[in-house]
Amino acid sequence: MDERYDPQKIEPLWQSFWAEREIFRCGEDDPRQKYYCLEMFPYPSGRIHMGHVRNYAIGDVIARYKRMKGFNVLHPMGWDSFGMPAENAAIKHGVHPSKWTYENIDYMKKQLGRLGLSYDWSREVTTCSPEYYRWNQWFFIKMLEKGLAYRKSSYVNWCPSCETVLANEQVIDSQCWRCDSGVVQKELFQWFLKITAYAEELLKACDDLAGWPEKVVLMQKNWIGRSQGLEVDFRVAGTEDVIRIITTRPDTLFGAMFICLSPPHPLAKKLVADKVALEKITAHYGKADEKMGLFTGHYCINPVNDERVPIYVANFVLMEYGTGAIMSVPAHDQRDFDFAKQYDLPVRVVIEPLGAGHDSAQKNGRSQGLPLQEAYEDEGTLVNSGEFTGLGSEDGKARISELIEKKGLGKKVINYKLRDWGISRQRYWGTPIPVVYCDLCGPVAVRESDLPVILPEDVKFTGTGGSPLLDSPSFLNASCPSCGGQARRETDTMDTFFDSSWYYIAYCMGLKDLKFEAGHAAPELRHWMPVDQYVGGVEHAVLHLLYSRFFTRVVRDLGIIEQSEPFKNLLTQGMVIRDGAKMSKSKGNVVDPNYLIERYGADTSRLFSLFAAPPEKDLEWSDKGVEGAFRFLTRIWALAHKRVDAVRGISASGGPVIRPEETSRAGRELLRKTHQTIKKVTSDIEREFHFNTAIAALMELSNEMASYEPEDKADLDVYCFSLKSVLLLLAPFTPHIAEELWGAAGLNKGRLCISEEAWPLWDEDLSREDEVELVIQVNGKLRGKVLVPAGLADDLLRDRALASPEIKKMLSGGMNIKKVIVVKGRLVNIVAGQ
RNA sequence: GCCGGAGUGGCGGAAUUGGUAGACGCAAGAGACUUAAAAUCUCUCGUCGGCAACGGCGUACCGGUUCGAGUCCGGUCUCCGGCACCA
């Protein structure tokens, strides 16, 4: 073997070795227990960044570790390859999105290969390929059949210059992220998926996500946002119309001073005579603007006290939530309070803080004369509420709800913040929505036998005039699947979150073998699902993960899969930051993985990413730290090289034979340290993948090995055993150097390579210390330490402590022992006084 | 505003169940090797006092529980993340 560690020389060799022998290929006909390890697949933006390196290094350690532990590991990779950047590149540089995307995939695939990631590439999935997106279309049609996909008109963020819908995250300070034009709210027909049909199930099942970070589960719960409310009907005076409002505070019903309608509310059009004014309000609907209101000129009747209250249209009332109308209680809701102040509307206090007691007269006085400074939003005691005055909020809610229900004027309802998922995008580079519009039959789904609806190649990218599909007659013109007449194809494409909502299912089959049939449970899915460990950035805590949970349930209800939850365990890794900030081109603080790999190699890049912080925390980049990681690997190399011939000799004659009683004291210590390290590394990986401390333990062991001087054959056997163990333990983290040294030391017998070896086991007896340092405290302060044999009984430990010179000295000064506390095998605390 | 999370040396981070605070690494300093530098190796490295043995202080801040608190409880401050007119 070479004396010098040269990763550039060894790493590519092992990468081709693994690839040629398909070491990481897995199948369903394997008797070993399955383990599905998955990292979030990348968007092929051009080249990988440090976030990818970290994400995939973490996943790769898990996959390699589980393989060594004897699992049949599925570890796939693919490409989330539809999306806006490809289209923007087409507009800017005239490259076709397809060409741009596939070239990026080629390049990035090489980069991933150079990191030594242990994927089964035979299952690679590329979402922009027709083999993949035809199933997007198939799932969509199935959802349409089940009423889970539907078309409705809704308000969306619209960029008038780009002529497309923008997702919320693409609107920055009310401006288009691409052209800086002002974004407007536009009413548009869009396709939606009825995720709300699963709201309750998705929420309830959150409690079963035991393998997920609590933070993410909580974010999902908040996103679904369940609340208990009461619907109440307010009659519009002098008409037959009824306004149904929703409230979570029935106890404040007597304080409802006006009613607000959302601008798109159907009654708003009907009640407002001044259409120009209504349009003005509508223009400010859905914006984080100042509050705007418009009096309709009509009143309605509060059912609990028959008061006439004015009806307003208000820009801040959401049509999508509840009924699109609210009752306004300015005294107890800050938004209503602000609105009332702005339009000089009356305020009536109906809830008093608990314990207000004799202050109440004063408080009441405020509501009559002195102006209230702000709304009181907490619960309290009802006042000015007719027969309910004096009740607490809880009782008030129950009794008033009861009254409304009894009168038939409303009912208790459950509401969710979760909205149906709008999937239409006015973009080219996405899955065509498989629908045609027929003048006679309306929107009709494409026949299953006609799938996939192929994205046409012959289109122009101008960046204006909306989707390029609008100018493609060959695509646009279709015949109606129902009546055969002239029809026009849907030109909207699907949100790319649709693609990523089931890619983990696709991996179980592989792109070429994708096939689903409603009512037929797929055997590959039965074998591999659910994902045992999912690893990815926390930025997907809600959207992608929630969509996937929804999608899995839809696929389940189609009879294709048994599970409801796609991801059993989730690890959300932190960001890679530099100088305290996220790496970004504009800040000029990016680290290019290519540079790292060229300079230090893949093993060092992986090792540093894993060592510098535990995976769930942000990782502060450090050039010097990378050098430290490289130095460690250089020392490992030197360690093997130093005694390579001796070790080869030992492995050639059947491997080390350990007889602890025959080894020197140093030998027994190294043997013990080795067993302790196997134990530590194993438990650190098992304990939430704390690779940083596992690597620290390996560094400790290598430090001991470096200063170890074997005296005879028995000692050399121990050394050989330690080296063998270190290489096995390093194999998941830095697989190339582990492979190379494994081979160089002649340890590669039986199996092809170290990646196929079994994870080492430790011997509890040999890992145990025979002497321990007993800590002696007096009144909780450290006062002495003494070496004692391990396993001494508590009272013997106590005696040893009291007999130690430091303690004798201290206690001779007239202190009395009041109590002695012994912590098994570790510590004695002497409580003394005077 | 609401809901979470986190504050430990010069830095990244350890301390797993309330039991030696600072493992491991980086940086820094001293020394060895070298004509010299790099690389490598050895030692020091929370802070204050002391020649030293040793002692005081120390895990954002204030208080509490406990024989004993980085860890548990109450309050304050700061930073980070999520949601934000959800009625």
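Me: A crossing of two helices is left-handed if the near helix is turned anticlockwise from the far one by less than a right angle, and right-handed if it is turned clockwise. In this predicted model, is the crossing of α3 and α4 left-handed or right-handed?

Reply: The two elements concerned are helix α3, which covers residues 84-93, and helix α4, which covers residues 97-114. Judged by the sense of turn just described, the crossing of α3 and α4 is right-handed.

Me: How is α3 set relative to α4, roughly perpendicular or oblique?

Reply: Helices α3 and α4 pack with their axes 8 Å apart and at an angle of about 120 degrees. Angles of 65 to 115 degrees count as roughly perpendicular and those over 145 as roughly antiparallel, so the setting of α3 to α4 is oblique.

Me: By class, how many nonpolar, polar and charged residues make the contact of α3 with α4?

Reply: On the α3 side the contact is made by P85, A86, E87, A89 and A90, while α4 contributes P97, W100 and T101. Sorted by class, the residues of this contact are six nonpolar, one polar and one charged.

Me: Which element supplies the largest share of the lining of the second largest pocket?

Reply: The second largest pocket holds about 710 Å³ of space and is lined by 19 residues, with I246, T248, I326, D333 and R335 lying nearest its centre. By class the lining has nine nonpolar, five polar and five charged residues. At least two lining residues come from each of β11 (242-247), β15 (325-328) and α10 (334-342). The largest share, three residues, comes from β15.

Key
Residues are numbered from 1 along each chain as its sequence is written. Chains are lettered from A and ligands numbered from 1 in the order in which they are written. This is a predicted model: local features need pLDDT of at least 70, side-chain atom pairs count only at pLDDT 80 or more; totals for chains, interfaces and linings use all residues. Side-chain values use heavy atoms; hydrogens and water are left out. Axes are lines fitted to C-alpha atoms, for helices over the stretch in contact, and angles run from 0 to 180 degrees between N-to-C directions. Helices (H or I, at least four residues) and strands (E, at least two) are DSSP runs, numbered from the N terminus. Angles under 35 degrees count as roughly parallel, over 145 as roughly antiparallel, 65 to 115 as roughly perpendicular and the rest as oblique. Contact means heavy atoms within 4.5 Å. Ala, Val, Leu, Ile, Met, Phe, Trp, Tyr, Cys and Pro count as nonpolar, Asp, Glu, Lys and Arg as charged, and the others, Gly among them, as polar. On a 1 Å grid over the protein atoms alone, a cavity is a set of points where a 1.4 Å probe fits but cannot get out, and a pocket is an open set with protein on both sides within 12 Å along at least five of seven lines; lining residues have an atom within 4 Å of a point. Grid points are joined across faces, edges and corners, and a volume is the space filled by probe spheres set on the points.
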